[in-house]
Structures are given as structure tokens and as C-alpha cells.
Amino acid sequence: MITTDFVSGSPCWLDLGAPDIDAAAAFYGAVFGWQAQAFDQETSSYKSFRLDGKVVGAVGQLTEEGARPAWTVYFHTSDIDSTVKTVEQAGGSVRTPPSEVSDEGRFAQLTDPQGAQFAVWQPGSYPGLELADAPGSLGWVELYTTDSTAAQTFYGTVFGWSGQDMELPGGGGTYTMVTPKDQPAERMFGGIMAVPQTFSSGDNRPYWHPVFGTADCDATVALVREKGGSVSMGPDDAEGVGRLAVCNDPAGAEFVVLTPSPAPTF
């Protein structure tokens, strides 16, 4: 689960790079009920997404040359300079060096050795997401990569994550569930999976994507299609996980919607 009680290496923020912020806000507002709101009057190119007044993410204008529309996952760090240095030593690269956001915190944009992009956030006055692990908010993150073993080594070096392997049914391969360093299993927040060289995102670059909770996967998928998005997989039932679908917004950014299975009762 993802919580707002952030620890080192846990997801703490995410934002969408979009070619058209207003169009993105309209789509996600219709699908999840999010409201887009500028952080301040001077910044109209970066807006928060809010659900019932609580921040669940953000959207910003695509600025990197050659960048495609995509969600970026940010991981918490208490020492961004040390984390960035470790990323470089472990074979990753820095796209945006540590940068200040007034007194709210510092961020850096990074790329792992296989090419998946991610970011880190060192909070100042602003910790990060205000709502998680609930319908309409972030509940899980996934890395699709060409080399799961190498990815696990890299992120283990950078964040100290521990992994637990699970064999997918039907010979679908190994899915590694990850947990922040020195945290109990209930703080597990995401998974790493090796997939074929050609991804559903349309290129060969590994990537992270978010999984958003929903009370009704099929109804949410219907809204995705109605509002101009597409569905590349599902909705399908995953034993012990829930009902899920892999979706793309109208600009092509990938995300997953999941109605979790009910918790077991004893």
C-alpha cells in the first residue's frame, strides 16, 4: 500500500507531463473526479489534481525535448544530493539536477540504467501527496523494464528496497514486489516486471506507471473510452489482486485502474 506517511524510498508524489494541460485536466476530471488547481497565481503551467480537496498528483507542460506524455513517479529522500550521487555511481543519469521549489522542497529528475525515468523529492514545507490508497488516488506503482534483475540491483542500491518474487500464472514471468528499506511487508508499494522489448507505450524504453484505485473498474474504463482515452489490456480479474485495466489518456500517457479484491476476513 501507498501511504502519506512517507519513508525513504517510498512514492510521495507523481505528476503528468502533458502537451495540453487543460485537455488533461478535463479528461482526468471526468474519469476520476479530480479538480485541477494552480498552485499559485504566477504558475499556470503546473497545476495540482485534487480529489475532495486533497492533492492526489499534478500536471505540467511537457518541456523536455523528445519527451512523450507520461506520468512520473517521485520517491521520497531525506538527502537528495546523496541520492543523486548514488544514482550516478550506480549507472543512472541525471536529467534535472537537484532544484529548489521555494521553501516547499527540492526535486531531481533521473533515469535508471535501462532508461526508465523517475524523480526524487526531498520535502521542505511540503511533504507530498495528501491522499493515497483510496478510490481515485495512487495505490501502487509499477516498473516495466527489459532487465528486472538489473533494475532491482539499481533501485536496491539507491533506495535499499527489498523484493519479493511472485510467479505470474500461465508462465507470465516473475513479478517482484518491492518494499522500502527496513519496512514491514504491509508497506509494499509497487512491482518490477521484465517485459518484451516492445512496450505498449509505443517505444522500447522501460517506464514506470501509476495504478489508481477505483470502486468500479468497468465503469472507469467506460469513462476512459468515452472521454477519448484507450484501453490496451482488460478489464481482467487478477486472483488475489482485483479487477484491473491498462489505460492510456488521449495524449498517450499510460496508467492502470484497479478495483482491489476485498481484504480476507478471518
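**Exercise 1. Place F39 in this predicted model and decide whether F39 is buried, partly exposed or exposed.**

Solution. Start with the secondary structure: F39 sits in strand β2, which covers residues 35-40. Next, check the accessibility. The relative accessible area of F39 is 30%. Buried would need a value under 20% and exposed one over 50%, so F39 counts as partly exposed. Now look for partners, skipping neighbours within four places in sequence: F39 is in contact with W13, Y46, K47, S48 and A58. Take A58 as a case to try in your viewer. A58 is 19 residues from F39 along the chain, and their C-alpha atoms are 9.6 Å apart.

**Exercise 2. Do the same for T83: which helix holds T83, and is T83 buried or exposed?**

Solution. The helix is α2, residues 80-89. With a relative accessible area of 9%, T83 falls under the 20% cut-off, so this residue is buried. Then list what T83 touches, leaving out residues up to four places away in sequence: T77, V120, V158 and F159.

**Exercise 3. Find the backbone oddities: where is a cis peptide bond, and which phi values are positive in residues other than glycine?**

Solution. Begin with the background: most residues other than glycine have a negative phi, and most peptide bonds are trans. Scan omega, and you'll hit a cis bond joining G234 and P235, at about 5°. P235 belongs to strand β14, residues 230-238.

Then scan phi. D52 comes up with a positive value near 55°, and D182 with one of about 60°. Where are they? D52 is in the loop between β3 (43-51) and β4 (54-61), while D182 is in the loop between β11 (174-179) and β12 (190-194). Last, check the surface. D52 has a relative accessible area of 72% and D182 one of 70%; the cut-off for exposed is over 50%, so D52 is exposed and D182 is exposed too.

**Exercise 4. How many cavities of 30 Å³ or more does the whole structure have, and what lines the largest cavity?**

Solution. The search turns up one cavity of that size, and the volume of the largest cavity is about 40 Å³. Walk round its wall and you meet R68, A70, W71, Y207, W208, H209, A253 and E254. Sort these by element: β5 (70-76) and β13 (207-213) each give two or more residues, with β13 supplying the largest share, three. Sort them by class, and you get five nonpolar, one polar and two charged residues.

**Exercise 5. Which residues lie closest to the centre of the second largest pocket, and how does its lining divide by class?**

Solution. Get the volume first: about 950 Å³. The lining has 34 residues, and D15, Y46, Y74, F107 and Q109 are the closest to the centre. By class, the lining divides into 16 nonpolar, ten polar and eight charged residues. Look back at Exercise 1 and you'll spot Y46 among the contacts of F39.

**Exercise 6. Which members of the largest nonpolar core touch the most other members, and which helix gives the most to this core?**

Solution. Keep the general trend in mind: in soluble globular proteins, nonpolar side chains tend to be buried together. This core has 62 residues, and Y28, W34, W71, F118, Y155, W208 and F255 touch the most other members. The top helix is α1 (residues 21-32), with seven residues. Apart from this core lies another, of 13 residues, including M177, M193, V211 and V256. Finally, cross-check with Exercise 4: W71 and W208 also line the largest cavity.

Terms used:
Residues are numbered from 1 along each chain as its sequence is written. This is a predicted model: local features need pLDDT of at least 70, side-chain atom pairs count only at pLDDT 80 or more; totals for chains, interfaces and linings use all residues. Side-chain values use heavy atoms; hydrogens and water are left out. On a 1 Å grid over the protein atoms alone, a cavity is a set of points where a 1.4 Å probe fits but cannot get out, and a pocket is an open set with protein on both sides within 12 Å along at least five of seven lines; lining residues have an atom within 4 Å of a point. Grid points are joined across faces, edges and corners, and a volume is the space filled by probe spheres set on the points. Ala, Val, Leu, Ile, Met, Phe, Trp, Tyr, Cys and Pro count as nonpolar, Asp, Glu, Lys and Arg as charged, and the others, Gly among them, as polar. Helices (H or I, at least four residues) and strands (E, at least two) are DSSP runs, numbered from the N terminus. A nonpolar core is a set of buried Ala, Val, Leu, Ile, Met, Phe, Trp, Tyr and Cys residues joined through side-chain atoms within 4.5 Å. Buried means under 20% relative accessible area, exposed over 50%, partly exposed in between (1.4 Å probe, protein chains only). Contact means heavy atoms within 4.5 Å.
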